[in-house]
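Biologist: I should like to understand the reasoning behind the terms used for this molecule. May we take the terms in turn?

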Amino acid sequence: MSVESLVPYEDAIASYDPVMGLEVHVELGTKTKMFCGCSTELGAEPNTQTCPTCLGLPGSLPVVNATGVESAIKIGLALNCEIAEWCRFARKNYFYPDMPKNFQTSQYDEPIAFNGYLDVQLEDGEVFRVEIERAHMEEDTGKSSHIGGATGRIHGAEYSLLDYNRAGIPLIEIVTKPITGAGSRAPEVAKAYVTELRELIRALGVSEARMDKGQMRCDVNLSLRPYGTEKFGTRSETKNVNSLRSVERAVRFEIQRHAGVLDEGGKIVQETRHFHEENGSTTSGRIKEEAEDYRYFPEPDLVPIAPSREWVEELRATLPELPRVRRARLQAEWGLSDKDMQAVLNAGAVEPIQETIAAGAPADQARKWWMGELARRANETGTELAEQPITPVQVARVCALVAEGKLNDKLARQVIEAVLAGEGEPDEVVEKRGLAVVSDDSALGAAVDAAIADNEAIAAKIRDGKVAAVGALVGAVMKATRGQADAARVKDLILERLGVQA
């Protein structure tokens with residue numbers, strides 16, 4: 001289906017009711033893999049973090065990572081799931097080079113957590129409940145690199161390279177129940193859900209959940225049905241969507257694409273699809289297998305997992321303050337209205353602001369810079385606010401320089417721009433660019449005298465008691481000093497020169 005054949009979004013939503021299913025894979029932050037002792041550290045040379053077990057060599061036997069099981073239970077509890085009293089692993093059989101065993105050790109009909117929910121807040125403050133079908137443990141696959149083609153995919157490539165360092169890294173797959181009732185807000189609901197889930201995972205400390213590093217990936221299942229019907233339509237599955245914005249775009253595109261096919265009397269093919277970041281489109285991957293195609297059967301080399309109720313309750317007691325509760329607390333601490341807090345949430349600024357405050361900045365100043373200059377840049381570049389190349393510690397240092405009188409707001413903006421451009425730490429930028437505020441009387445005196453001499457009429461008004469007119473002379477001095485003068489000291493000097501009391 002070409003992009004030109006897409007149905008306008010409003011028309012698609014007017015005719016069809018979207019039904020979504022979101023499958024999110026989260027790499028756990030364990031030190032070793034799920035079933036062996038190999039390191040999970042990122043950045044190692046290809047195929048140096050492997051062993052007979054994760055390579056599936058004959059005679060090797062797996063052992064379950066206890067921390068992985070603990071993390072899975074914590075995630076299940078935070079998602080309001082029931083925790084299984086007894087569950088086991090299964091073999092998911094398929095033949096593809098990134099899985100050296102020719103099967104993936106996963107969970108099928110007996111997940112460790114099931115029947116939960118996650119409440120998510122939309123941009124206008126509405127709360128939408130997403131029901132969770134299951135959260136189960138499995139292992140990640142290796143990484144394939146397709147060389148020589150134009151797209152980086154296997155089709156058209158000259159050859160492929162395989163790195164098995166990632167094979168066997170612990171994963172939790174979180175699967176929603178069919179999400180209905182979202183209507184035109186389906187793309188927004190999808191983004192809000194993955195955003196909230198990412199915050200929850202990070203709060204638990206079980207993963208950094210960096211989507212840009214593949215630590216969290218979302219498969220978007222979507223189907224359409226005519227309004228007034230109960231039966232779900234045929235679904236497509238867009239694989240490995242790796243940013244919040246892309247999740248939203250993938251849902252929107254697939255709604256438009258499905259509607260185009262259905263309007264023309266065609267049938268949706270159940271298939272996996274690839275998402276393209278450059279234009280927000282999807283293209284066909286392969287016909288989707290059904291569960292029976294994987295020939296699941298219980299893993300004979302692993303004993304069942306039977307977490308005691310005492311252990312589960314001990315883990316429940318260790319859960320941290322969850323994101324929605326934390327946001328309510330922060331709103332009260334920061335003194336924000338519901339509208340202002342919603343703006344902070346919509347901008348993805350909660351974490352950056354909180355970390356900037358933790359680094360020593362006042363709450364109002366931290367919010368000012370993240371919601372102002374940095375949010376503007378994020379919008380211009382189409383990137384997430386937290387992905388800007390500046391840290392909360394650096395923003396806090398800019399706030400400190402302003403508080404110390406070494407920078408004014410105009411100079412602070414220049415410092416932030418330079419830090420974003422990779423010119424160094426805030427103090428280095430101030431020194432290299434010579435951006436410090438000038439407050440020394442001798443340095444300012446000549447500029448003040450020149451401003452008075454060049455604006456005699458305004459000076460006369462000030463002498464006659466119209467003190468408000470001093471702003472024009474302050475502006476002239478600021479212009480002459482390229483914004484580096486201490487405006488308050490300039491005002492005092494002007495009034496002193498003119499013999500007027502403030």
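Modeller: Let us begin with the second largest pocket of this predicted model. Helix α3 gives the most to the lining of that pocket, namely eight residues.

Biologist: Which other helices supply at least two residues each to the lining of the second largest pocket?

Modeller: Besides α3, they are α4, α7 (338–346), α8 (350–358) and α9 (363–381). The lining has 46 residues, and R198, L244, G348, E384 and A386 lie nearest the centre of the pocket. The volume of this pocket is about 1,300 Å³.

Biologist: What is the character of the residues in the lining of the second largest pocket?

Modeller: They divide into 17 charged, 16 nonpolar and 13 polar residues.

Biologist: Two of the helices just named, α3 and α4, also pack against each other. Why is α3 called roughly antiparallel to α4?

Modeller: Helix α3 (residues 186–204) and helix α4 (residues 244–263) pack at an angle of about 155°. Angles over 145 degrees count as roughly antiparallel, and α3 is therefore roughly antiparallel to α4. Their axes are 8 Å apart, and the crossing is right-handed.

Biologist: What makes the contact between α3 and α4?

Modeller: On the α3 side, the residues are A186, P187, E188, A190, K191, V194, T195 and R198. They meet L244, V247, E248, V251, R252 and I255 in α4. By class, this contact has eight nonpolar, five charged and one polar residues. R198 and L244 belong to this contact, and both are among the residues nearest the centre of the second largest pocket.

Biologist: Why is α11 called roughly perpendicular to α12?

Modeller: The axes of α11 (residues 409–420) and α12 (residues 426–433) cross at roughly 110° and come within 9 Å. The range for roughly perpendicular is 65 to 115 degrees, so α11 is roughly perpendicular to α12. Q414, V415, A418 and V419 of α11 make the contact with P426, V429, V430 and R433 of α12. Six of these residues are nonpolar, one is polar and one is charged.

Biologist: How do you know that α9 and α11 are oblique to each other?

Modeller: The angle between α9 and α11 is about 55°. Roughly parallel requires an angle under 35 degrees, and roughly perpendicular begins at 65; α9 and α11 are therefore oblique to each other. Their axes are 12 Å apart, and their crossing is right-handed.

Biologist: Which residues make the contact of α9 with α11?

Modeller: K368, W369, E373, L374, R376 and R377 come from α9, while D409, A412, R413, I416, E417 and L420 come from α11. This contact has seven charged, five nonpolar and no polar residues.

Methods: Residues numbered from 1 in each chain as written. Predicted model: local features only at pLDDT ≥ 70, side-chain atom pairs only at ≥ 80, totals over all residues. Heavy atoms only, no water. Axes fitted to C-alpha atoms, helices over the stretch in contact; angles between N-to-C directions. Helix = DSSP H or I, 4+ residues; strand = E, 2+ residues; numbered from the N terminus. Left-handed = near helix turned anticlockwise from the far one by under 90°. Contact = heavy atoms within 4.5 Å. Nonpolar A, V, L, I, M, F, W, Y, C, P; charged D, E, K, R; others polar. 1 Å grid on protein atoms, 1.4 Å probe; cavity = no way out; pocket = protein on both sides within 12 Å on 5 of 7 lines; lining within 4 Å. Points joined across faces, edges and corners; volume = space filled by probe spheres on them.
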